[in-house]
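Thanks for making the time this morning. I would like to walk through one model with you, going from single residues out to the overall picture, so please have the display open.

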Amino acid sequence: MIQRFLRKTLFSLCFLFLFTMRYVDLTCSVALHDLPLLAGWEEVGVPLAEIEVEGWKKLNTDFMDTAQLAGLATNLEKRLPLQMVTPPVKGDELDFSYLTLEGSLAGQVPVVITLQSIRGDAGGAETYCGVIALPKSAEMLAETVSRLERAFTPVVGEMPLAVMLGGVWPGRLSAGEAYQMMRRVFQRLHVTGSIGNADYENGRWSGWSNLLAGKTRPPEGQINLEFAYRYDAATGETRIALASPALPGFF
């Protein structure tokens with residue numbers, strides 16, 4: 001029984017690490033059809049090397065076994081449609097179940113969908129859905145988001161989506177250089193009420209842009225845009241990220 005509890009806890013932590021944003025109080029999707037986030041990235045001045053679309057949602061307060069989760073997964077797979085690259089990974093225990101799909105959109109955009117249901121010791125339960133998509137180019141971004149929205153909304157309701165753009169600065173980016181870069185990005189996107197800080201190796205700033213939809217509510221107030229950088233001593237490079245409405249928790 002203890003081993004089962006530990007397995008459930010470990011899997012849940014891994015799931016949350018991979019599929020939750022820093023703040024999960026997301027109330028609507030990002031405005032992506034006119035791609036203002038890409039316009040902001042132009043002010044960064046480094047090639048766009050990474051695009052990630054990420055969604056996370058609590059579906060209900062019921063416990064669902066893998067057969068029930070499979071019904072949702074099959075519906076999502078058909079609506080996207082998702083070209084599967086591996087068989088579904090699933091598990092079913094007394095108080096914990098999960099199912100993960102791994103595939104691609106049109107053979108080009110890798111997608112992972114995970115459904116998870118947990119029953120607590122007090123009798124309560126929660127079921128969640130997470131998705132990660134990795135468009136390979138800026139041209140694929142709007143279509144990817146549109147397809148995710150069209151597929152998920154009829155099945156699980158509106159799925160809050162966050163978009164992260166990333167690139168690499170060769171060498172160490174100083175705090176001053178990062179600050180000036182952030183200011184150019186935020187000015188391009190008409191950001192108000194920005195907050196944040198930076199030090200020798202990393203920094204992070206948040207703000208609000210009327211050009212972007214979506215929002216999240218950290219303790220400091222409502223935001224829908226984040227800019228961050230982090231120096232990697234192992235590679236001698238600085239990783240830069242711009243996201244709306246918030247950066248993934250792993251950054």
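Proline 135 is buried, with a relative accessible area of 4%, where buried means under 20% relative accessible area, exposed means over 50%, and partly exposed is anything in between, using a 1.4 Å probe and protein chains only. Before I go further, this is a predicted model, in which local features need pLDDT of at least 70 and side-chain atom pairs count only at pLDDT 80 or more, while totals for chains, interfaces and linings use all residues. Residues are numbered from 1 along each chain as its sequence is written, and side-chain values use heavy atoms, with hydrogens and water left out.

Proline 135 sits in the loop between strand 6 and helix 4; helices (H or I, at least four residues) and strands (E, at least two) are DSSP runs, numbered from the N terminus. Leaving aside neighbours within four places in sequence, proline 135 is in contact, meaning heavy atoms within 4.5 Å, with Ile51, Val53, Val109, Met140, Leu141 and Thr144. Its C-alpha atom is separated by 9.3 Å from that of leucine 105, which is 30 residues away along the chain.

Leu141 also appears in the surroundings of leucine 35, which touches Ala138, Leu141 and Ala142 when residues up to four places away in sequence are not counted. Leucine 35 itself belongs to the loop between helix 1 (2–19) and helix 2 (36–41), and its C-alpha atom lies 8.9 Å from that of leucine 212, although the two are 177 residues apart along the chain.

Let me turn to serine 117, in strand 5, which is buried with a relative accessible area of 0%. What does the side chain of serine 117 reach? The partner is the backbone nitrogen of methionine 64, at 2.9 Å, and this falls under our polar contact rule: a pair of N or O atoms within 3.5 Å, where within protein one must be able to donate a hydrogen and the other to accept it, and residues adjacent in sequence count only if both atoms are side-chain atoms. Among the residues in contact with serine 117, leaving aside neighbours within four places in sequence, are Asp62, Phe63, Asp95 and Thr127. Phe63 has a further partner, since arginine 119 lies over the face of its ring at 4.2 Å from the ring centre; a charge sits over a ring if NZ of Lys or CZ of Arg is within 6 Å of the ring centre and within 35 degrees of the ring normal. Arginine 172 lies over the face of tyrosine 231, at 3.9 Å from the ring centre.

Next comes helix 3, residues 66–79, whose 14 residues reach 20 Å from the first C-alpha to the last, close to the 20 Å expected at 1.5 Å a residue, the expected span being 1.5 Å times one less than the number of residues. Thr66, Leu69, Leu72, Ala73 and Leu76 are buried in helix 3. Seen down the axis of helix 3, these buried residues fall within an arc of 120°, so they line one face of the helix, the arc being that of the directions from the helix axis to the C-beta atoms. On the other side of helix 3, Ala67 and Lys78 are exposed. The cover over the buried residues of helix 3 includes strand 1 (50–60), strand 5 (109–119) and helix 4 (138–156). At the N-terminal end, aspartate 65 caps helix 3, with a side-chain oxygen 3.1 Å from the backbone nitrogen of alanine 67.

Two backbone details deserve a look. The peptide bond from leucine 80 to proline 81 is cis, with omega near -20°, and another cis peptide bond joins serine 244 and proline 245, with omega about 0°. Histidine 190, which is not a glycine, has a positive phi of about 55°; at 52% relative accessibility, histidine 190 counts as exposed.

To close with the overall picture, the protein has five helices and 11 strands, and 48% of its 251 residues count as buried. Residues 24 or more positions apart account for 65% of the contacts with a separation of 6 or more.
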